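Subject: The two-chain model, handed over

Hi there,

Here is the structure I promised to pass on to you. Please open it alongside this email, since the notes below are meant to be read with it in view.

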Amino acid sequence: MENAQLKLRINASKCRGCRSCQLACSFVKHGLFNPFKSYIIVERDVETEHTHPVISEGCDLCGGKPFCAEICPYGTIEVEMVT
Amino acid sequence: MDETVESVFTVDLSTGDFKKQEVDSKTVRKFLGGSGVGWKIAADLLEPGIDPLSPENLIIINPGILVGTLTPGTPKTTVITKFPTIATEDNKHFIGSCTSGGRYFGLGLKMAGCHHLVVTGKADSPVYLRVTDGNVEVVDASELWGRGIEEVTNYLVNREGSLAGVMAIGKAGEKLVHLALTIVDKTNSLGRGGLGAVMGSKNLKAIVAKGTGDIKVAKPKEFIDISNELRARVLEWPRREHWIKLGLAAGWSDFKFTQYPGKWPRDKWDELYGEKTRMETVEEVIPCTSCMLSCRLKWKLKGGEFDGEIGFGSPFSKSATSGMLLDIEDYRKMIHLVALGNRDVGIDFYSITRLIDFVTTMYQRGELTKEDTGGMELKRDYETYLDLFNKTVNREGFGDVLADGWMGLRQKSGLNPQDYWYSGICKGVDFIYDARASNFHPLMMTFFTRPRPHHGGSHTRTNSPEKPLEVHRNQVERWGIPKDAVERIFTPTTYSGKFNVGRYTKYMEDMMRVNNALGICVIFTYQALLFGDDAARLYSAATGNNMTAGELAKAGERIHNLSKLVNVREGFTRKEDKVPELWLRPMETPEGKLETMDYYKTKVMAREDFERILDDYYEERGWDIEKGIPTRETLQMLGLEEYLNRL
């Protein structure tokens, strides 16, 4: 989940499980909406309803402007420079 | 690309048979898709006069057309059925639609390729339905029967995967209590008026939906541009920061006035049930599928008898109003009842608590006796309320009477529901709000004009008190309705005030049908974040079926007329579209008298005013004003001639 200069940082405690990131990712990659076709898995503990996204192998940060980070309404996914 | 083809998954629980069919493109275009097509299915397949708790009743589940498309404010699923609520003294039942948001259920249906799930028949023993890609299985649920909704939901999600959506009933539905509803994904309630009992009558404990398929739109680039534009608009909404912290716990500053039941002084109510208690109790705020607002709540009670109890849903306004009505000063006790209702038994909190308020008070007044209650003493204390609550869920003793709702109570005890002192009763259902506190805005009118007496997703800016007329005019104009209609709406009258509530309500109801078909959430129309022209652009890009806002509104009118026709077939006329008697009596409060006033509070509404507003409503609809039913000409104009002969 890195390209040469950027990486994604997940603030898990901010995740509310809306799945916007997954739907955004599959849309950018495939022009359709399907969480299973995204590079993000959202783990969900059904008893507590705590969720957090995990970026999968193969994510290329959309070539520099990750749609998931742009779309997330709650500040869960942020883009950082690699140091 | 044409995305107007829709699939219907039909399950007959009597035989276990499943079939998958397609709805032709022409029908989808005519009725928009989603619950619009759902109403056509209801009109074509639901036989008139059937018992709602018989195998012949249908449950028609329709996820919104825009569910799962990343568009803010589009998570909703609409269910159509004949409700077991006794609506009239001669035991008529309405056929209605109910809607809810959800986090996984609608998404699961769409990903499974299911646009309409139709359930008919009755299983021999408890079952649940498992909806997966292109298929529905009927699965034995004998181990789940009797268990609480949250327990069953968690079990099914753990079994099926984290994207599985669940709609489930609790004990109240299993016992065919007319007040039983379902809970979707643990967080959203669905089906006031007895959808839970309809499922129970079919031995249907739950539906789990999960798919792996794609959700597509016809014009992806155009669609995402519109979606992103809406997204930016929501981010700029000045109230968003407050809303995402509190969800449906926000808004106390308005509710303190618009939902006031008038028993305690407002200061006392504020102290016991106001924002401070809300802030103490909210743990997390949870969004529906891809929503940017977050309305659903996870709460935790602190201190008191129920210390540490966690719940999901929306407990605050309902517990505050019923808490005052029941004279319960500890808000945690009321929220505990909400938890019992949502988490365990699946019962409508509003109706059960108001029925309990009514009967316990009438008992204290001597209007109900031990003879009526089967020997039970009805005290005005929490222990009695809890006892009545549980007895109603289980249909035990006097609870068996309450389980048949307001008209059941009337039939068995002689008490008149119209004597109840809060909210207002129509077609056997108590409304969420009371017009004397909230004023007579169009949502309040839909309560008695709609076939199913619930607001049903019609909210507009008129839900907020005394907003400038230009705000309302702007929202109406963006529905794309003809200019002369806009002028008629905003022509002042002596009976309706600065705008004509009757004519407004007609178009508001039509737009409600559009919103429900698309899956658009009421918060977005209530707060004017998503307008009629936005809906048209989204619909056109999603389906490839280009429609203007006005054409969309016209399709909404068609759907509404169809929903009315099936109810005319059940015997409903203007006689049942009655303003609740309560709204014509003042509410005596410690802060003075409250009477039903027009939206801008220029006058107290009189009976004749309501009658004239209703006349205008029917006239605007092109219906027979005396009978309150669609005319032949209107049905022909809307392309519904094929249904004329079936009336």
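Below is what I found, starting with the interface and moving on to some individual residues.

Please keep in mind that this is a predicted model.

**Where the chains meet**

Let's begin with chain A and chain B. On the chain A side, 27 residues are in contact with chain B, and on the other side 40 residues of chain B take part. Putting the two together buries about 2700 Å², and carbon and sulfur atoms give 56% of that area. If you want residues to click on in chain A, try Arg16(A), Phe33(A) and Arg44(A): they lose the most area to chain B, together 25% of what that side buries.

There are also polar links across this interface. The rule finds 22 residue pairs in polar contact between the chains, counting pairs with both residues at pLDDT 80 or more. Which elements of chain A give two or more residues to the side that touches chain B? They are helix 1 (20-30), strand 2 (40-45), strand 3 (50-55) and helix 2 (67-71). Helix 1 of chain A provides the largest share, with four residues. Sorted by class, this side of chain A has 14 nonpolar, seven polar and six charged residues.

Three salt bridges are counted between chain A and chain B. One to look at joins the side chains of Lys37(A) and Asp214(B), at 3.0 Å from N to O.

**Salt bridges elsewhere**

Side chains of opposite charge can pair when their charged atoms come close. Over all chains, the structure holds 66 salt bridges. Within chain A, Glu49(A) and Arg44(A) meet through their side chains in a salt bridge of 3.0 Å, N to O, and both of these residues are buried.

In chain B, Lys40(B) and Glu642(B) form a salt bridge whose closest N and O atoms are 4.0 Å apart. This pair links distant parts of the chain: Lys40(B) sits in helix 2 (residues 35-45) and Glu642(B) in the segment after helix 27 (632-637), 602 residues apart. Lys40(B) has 14% relative accessibility, so it counts as buried, whereas Glu642(B), at 39%, is partly exposed.

Another pair in chain B is Lys92(B) with Asp90(B), where the closest N and O atoms are 3.4 Å apart. Is each partner buried or exposed? Lys92(B) is buried at 11% relative accessibility, while Asp90(B) is exposed at 51%. Chain B also has a network of salt bridges with shared partners, made up of Asp484(B), Arg488(B), Arg503(B), Asp616(B), Glu619(B) and Glu620(B).

**Aromatic rings**

A search of the whole structure gives 30 aromatic pairs over all chains. In one of them, the ring centres of Tyr617(B) and Trp623(B) are 6.1 Å apart and the planes lie at 85°, so the pair is edge-to-face. Tyr617(B) is buried at 0% relative accessible area, and Trp623(B) is buried at 4%. Ring pairs also join Phe431(B), Tyr433(B), Phe440(B), Phe447(B), Phe448(B), Trp583(B) and Phe610(B) into a cluster.

**A buried threonine**

Finally, have a look at Thr81(B), which lies in strand 4 (residues 77-82) of chain B. Thr81(B) is buried, with a relative accessible area of 0%. Its side chain reaches the backbone oxygen of Leu58(B) at 2.7 Å. Leaving aside neighbours within four places in sequence, the contacts of Thr81(B) include Asn57(B), Ile59(B), Phe94(B) and Leu195(B).

Enjoy exploring it!

Best wishes

Key. Residues numbered from 1 in each chain as written. Chains lettered and ligands numbered in written order. Predicted model: local features only at pLDDT ≥ 70, side-chain atom pairs only at ≥ 80, totals over all residues. Heavy atoms only, no water. Contact = heavy atoms within 4.5 Å. Buried area = accessible area lost by both parts, 1.4 Å probe. Polar contact = N/O pair within 3.5 Å; in protein donor to acceptor, adjacent residues only side chain to side chain. Nonpolar A, V, L, I, M, F, W, Y, C, P; charged D, E, K, R; others polar. Phe/Tyr/Trp six-rings, centres within 6.5 Å; stacked < 30°, edge-to-face > 60°. Buried < 20%, exposed > 50% of the residue type's maximum accessible area, 1.4 Å probe, protein only.
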